[in-house]
Amino acid sequence: MSDSEEAVVMKRKKPRQPRNPIAGVKEDLDSLIQKFSESGTVRYENFSSAWKQKKLSMIQSGRQDQQEAREFLEDVFRLAVVYYLPPNNFQVRTGGLYLMFGLFNTQFCIPPVKFRMTLQMWKDALDYQKEAHSQQHYDIDFVFHSLKALSAFQFVASESEMYLKGSNRRNIMQDIPSHVSDEVSKIDAIFTKDHVRQLSAVDYQYQQLKIALAGPNAKKPDIALAVIQDSLIDSLNSTIQQHQERITKMRKRDMGEEGRRQEQLENSDDEEEEEEEDHGSLRAKLKSRAYSAGTSKYKIPSPQKTSSAAKTETATMVPIGLMVETDHSEDENKQTEYISMPDLGTNDIDSPKGKKRKSSQKSPHSPTKKNKSPASDRSTTKHRKKKK
Amino acid sequence: MTDSKSDNEQDSTNLINIQEFLEKWSQIEDFTKKALEKKESPLEQIAQDIDLPVQTVSDLSAVCSLETLLCGSEPEDKKLYYQVIPETDLKTLYYQSQDLQRRKESFFYKNSVLKSMKYNVNDTVHNPKLQNRATIPPEKQVPTPNVVLSINIHRPYNFKSTQPMVDQKILVRGDMFLTEFRDAIDCVNNLAVAGDFSENLAAAQVAPTCGETFKSGFLYIEGTFYNDFRHDDNRDYSKPIIEWMKNSNNCGTTHKTTAMESVRFRDLTVKLGEPYLYMHQGNCEHIISFTDVRMLIADDPQSIDDYPFVVRQVSRRRVLCRSCMMYTARWQVEESVFTPVEPCYLCDGCLTSLHYDEDGNKIGHFKAFKFADTSSVQC
């Protein structure tokens with residue numbers, strides 16, 4: 001138990017997902033291209049009106065200085081070029097070209113950020129231009145050649161600059177904050193539907209083989225051959241299902257709490273965004289509550305959390321090490337940990353919990369202890385232990 | 001040549017033969033002198049490319065002018081772009097404003113964001129001046145078609161961080177020899193002077209530096225050691241390494257030694273993002289990596305004097321003098337009774353005033369070594 005708890009503590013110390021400077025860009029560009037595609041024609045005027053409506057020339061505002069704007073624009077340009085290339089249809093590719101034109105002309109980095117074209121990308125671009133020229137779309141021609149004249153293209157070997165191992169940029173296609181996207185936990189990655197199906201097929205074959213071995217008229221396999229669990233696949237499925245249900249319940253509950261706290265937010269996007277920020281503040285609040293004077297303050301959240309934690313710990317057959325794959329389950333455990341730590345009152349500095357406590361909050365520890373009445377602490381501790 | 005996976009999923013690209021890269025691009029696009037010269041009026045250029053009369057092209061340019069892209073709410077002063085986030089329905093701006101709010105609230109978050117940014121405000125960045133090729137005398141013009149490689153030079157490996165930090169970023173051309181690149185790498189060890197100069201401080205100014213004395217070095221790229229044999233007394237640092245690798249059974253690749261001064265960049269076959277090594281002065285190692293290979297276009301520096309072009313020089317912390325905390329330290333003092341720590345870094349003035357009397361005689365027993373701070377190499 002202590003080993004897995006230590007593992008929980010260590011895993012919690014993993015750094016957060018790094019900031020994504022191009023959060024939301026893909027959505028904006030997608031909506032622009034969609035608007036342009038809906039108009040049906042490939043004339044520049046339509047694109048210009050869609051662009052103006054979305055006010056995309058302001059996309060780089062808010063960046064604090066040239067360096068941040070540059071970093072931002074490099075990734076945005078990489079995203080924009082994708083629309084210009086196959087396998088998009090002609091309409092979308094035209095929208096992509098106009099988009100590149102718009103982005104290049106409204107940027108103000110010095111020297112200007114350029115579009116990186118690999119050999120294959122340039123060949124595709126030239127094919128597209130040939131097609132457009134043959135259909136006499138003069139505005140497409142003009143836009144492309146003016147970009148070329150402004151030397152907006154760099155002819156490169158790799159799509160982005162390659163830095164040393166580990167410092168290459170994160171995947172720019174994923175631009176939504178990580179907690180909003182459906183994270184595939186390791187359990188789900190191992191036990192995908194395909195794998196489970198294959199497993200059940202193998203299991204069925206195995207059972208049939210055993211029955212065949214038992215004799216020509218046998219319906220059940222020989223008892224001597226019973227070496228594995230009988231209904232393996234069923235129990236596996238039920239375990240995974242319970243785990244998933246638990247995860248979704250915890251997520252819903254966490255998101256619901258945040259929503260109640262932030263009633264002035266309008267969109268659901270805001271809620272999800274606030275959730276990430278509020279995790280930090282939630283933890284901070286709990287920390288301050290746990291270490292502030294007075295016992296009643298941190299008794300209140302504990303019964304709810306410990307009961308749910310108790311439920312989660314007993315309900316599933318999944319070992320605790322696997323349980324902490326998602327952020328929310330970590331929070332769950334973490335909240336209980338914080339509340340129970342001062343109660344147990346370990347003065348042992350060498351224990352991992354003691355060390356952690358010592359480094360995080362040095363001074364408030366002793367006053368807290370003095371203020372509490374020892375009898376009440378021990379009673380709550382015992383009470384909680386009994387529950388577990 | 002290009003990869004099937006996106007570059008973000010790989011640590012480094014496959015092998016890229018620079019000469020092949022150059023030839024393939026030259027076949028489908030024009031990179032010769034004619035194309036690199038900036039025309040006076042781009043409209044004529046465009047008219048030529050599309051095969052339309054100039055009048056039509058100028059009408060088209062009116063259709064696709066900058067006004068069509070501005071939505072009217074742009075601030076006049078460009079600096080306001082950075083500070084003010086206007087009210088739009090763009091998701092990007094929403095997330096950015098959230099991020100800025102968070103930075104305002106938490107000092108630690110702001111610091112971590114600034115640390116993790118790709119470009120640092122404090123770096124010295126040199127941007128190539130946009131010069132018309134015609135203004136450069138023909139013997140100084142860059143030969144075309146040509147390739148530009150961008151090389152990152154890293155700081156010495158620090159075991160605390162996970163990867164080496166970039167120190168410099170240099171642009172080189174395909175037709176340059178490796179030795180020209182080697183000379184452009186600034187290493188503070190080249191300025192180091194060996195020996196104790198406490199008896200005669202002035203002699204340290206004229207003593208030969210390590211860079212002048214120990215001129216050997218090699219570049220290790222893709223299994224080949226490119227040694228610098230320009231001077232007669234340069235040693236082959238790679239010989240003991242190759243012998244050791246032959247004797248140990250684990251090494252599969254065969255290693256070769258070549259002279260650096262006979263190899264041009266376009267003869268190389270490199271992997272982008274792969275760490276390579278530059279070694280000099282016996283044991284001073286620098287990790288280098290090729291970040292980018294691209295064709296030379298009009299916006300790159302057009303004069304051969306500009307290369308190797310130092311694009312970015314990361315700011316280096318300087319070591320201050322311990323006593324005045326104002327000037328950069330020039331001396332490393334050891335075994336002195338006057339200094340609180342050993343070794344102690346002092347500037348010229350503090351050293352002479354602390355350790356020498358009015359007549360310039362040395363007081364006590366100490367050793368003074370000339371100290372070259374990393375920021376003293378030219379940026």
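## Exercises on a predicted two-chain model

A:Gln136 lies in the loop that links helix H6 (119-134) to H7 of chain A, and the model to which this residue belongs is a predicted one.

**Exercise 1.** Determine what sign phi of A:Gln136 takes, and then describe how the helices H6(A) and H7(A) cross and which residues meet there.

*Solution.* Begin with the backbone of the loop: phi of A:Gln136 is near 60°, which is a positive value in a residue other than glycine. Next take the two helices that this loop connects, H6 and H7 of chain A; their axes come within 9 Å and cross at roughly 145°, and the crossing is left-handed. From H6(A), the residues A:Trp122, A:Leu126, A:Tyr128, A:Gln129, A:Ala132 and A:His133 take part, and they meet A:Ile140, A:Asp141, A:Phe144 and A:Lys148 of H7(A). Sorted by class, this contact has six nonpolar, two polar and two charged residues.

**Exercise 2.** Characterise the crossing of H2(A) with H5(A) by angle and handedness, and do the same for H2(A) with H3(A).

*Solution.* For the first pair, helix H2 (residues 25-39) and helix H5 (residues 90-105) of chain A have axes that come within 9 Å and cross at roughly 125°. Because an angle from 115 to 145 degrees falls outside the parallel, antiparallel and perpendicular ranges, H2(A) is oblique to H5(A). The handedness of this crossing is right-handed. On the side of H2(A) the contact is made by A:Leu29, A:Leu32, A:Ile33, A:Phe36, A:Ser37 and A:Ser39, while H5(A) contributes A:Gln91, A:Val92, A:Thr94, A:Gly95, A:Gly96, A:Tyr98 and A:Leu99. The class count for this contact is seven nonpolar, six polar and no charged residues.

For the second pair, the axes of H2(A) and helix H3 (residues 44-54) of chain A come within 9 Å and cross at roughly 145°, and this crossing is right-handed. Here H2(A) uses A:Asp28, A:Ser31, A:Leu32, A:Lys35, A:Phe36 and A:Ser39, and H3(A) uses A:Asn46, A:Phe47, A:Ala50, A:Trp51, A:Gln53 and A:Lys54. By class there are five nonpolar, four polar and three charged residues in the contact of H2(A) with H3(A).

**Exercise 3.** Locate the cis peptide bonds that join A:Pro86 to A:Pro87 and A:Ile110 to A:Pro111, and state omega for each.

*Solution.* The bond between A:Pro86 and A:Pro87 is cis, with omega about 10°, and A:Pro87 is placed in the loop between helix H4 (66-84) and H5 of chain A. The bond between A:Ile110 and A:Pro111 is likewise cis, with omega about 0°, and A:Pro111 is found in the loop between H5 and strand S1 (115-117) of chain A.

**Exercise 4.** Describe the interface of chain A and chain B, working from the extent of the contact to the buried area and then to the salt bridges across it.

*Solution.* In terms of residues, 85 of chain A are in contact with 86 of chain B. In terms of area, about 7600 Å² is buried between the two chains, and carbon and sulfur atoms give 61% of it. Of the area that chain A buries against chain B, A:Phe142, A:Met162 and A:Leu164 supply 10%, more than any other three residues.

Turning to charge, the structure holds 26 salt bridges over all chains, and seven salt bridges are found across the interface of chain A and chain B. A:Lys148 forms a salt bridge with B:Glu29, where the closest N and O atoms are 2.9 Å apart. This pair runs between chains, from helix H7 (residues 138-149) of chain A to the loop between helix H1 (18-28) and helix H2 (33-36) of chain B. A:Glu74 also forms a salt bridge, with B:Lys118, and there the closest N and O atoms are 2.6 Å apart.

Note on methods
Residues are numbered from 1 along each chain as its sequence is written. Chains are lettered from A and ligands numbered from 1 in the order in which they are written. This is a predicted model: local features need pLDDT of at least 70, side-chain atom pairs count only at pLDDT 80 or more; totals for chains, interfaces and linings use all residues. Side-chain values use heavy atoms; hydrogens and water are left out. Axes are lines fitted to C-alpha atoms, for helices over the stretch in contact, and angles run from 0 to 180 degrees between N-to-C directions. Helices (H or I, at least four residues) and strands (E, at least two) are DSSP runs, numbered from the N terminus. Angles under 35 degrees count as roughly parallel, over 145 as roughly antiparallel, 65 to 115 as roughly perpendicular and the rest as oblique. A crossing is left-handed if the near helix is turned anticlockwise from the far one by less than a right angle, and right-handed if clockwise. Contact means heavy atoms within 4.5 Å. Ala, Val, Leu, Ile, Met, Phe, Trp, Tyr, Cys and Pro count as nonpolar, Asp, Glu, Lys and Arg as charged, and the others, Gly among them, as polar. Buried area is the accessible area (1.4 Å probe) that two parts lose on being put together, summed over both. A salt bridge is a side-chain nitrogen of Lys or Arg within 4 Å of a carboxyl oxygen of Asp or Glu.
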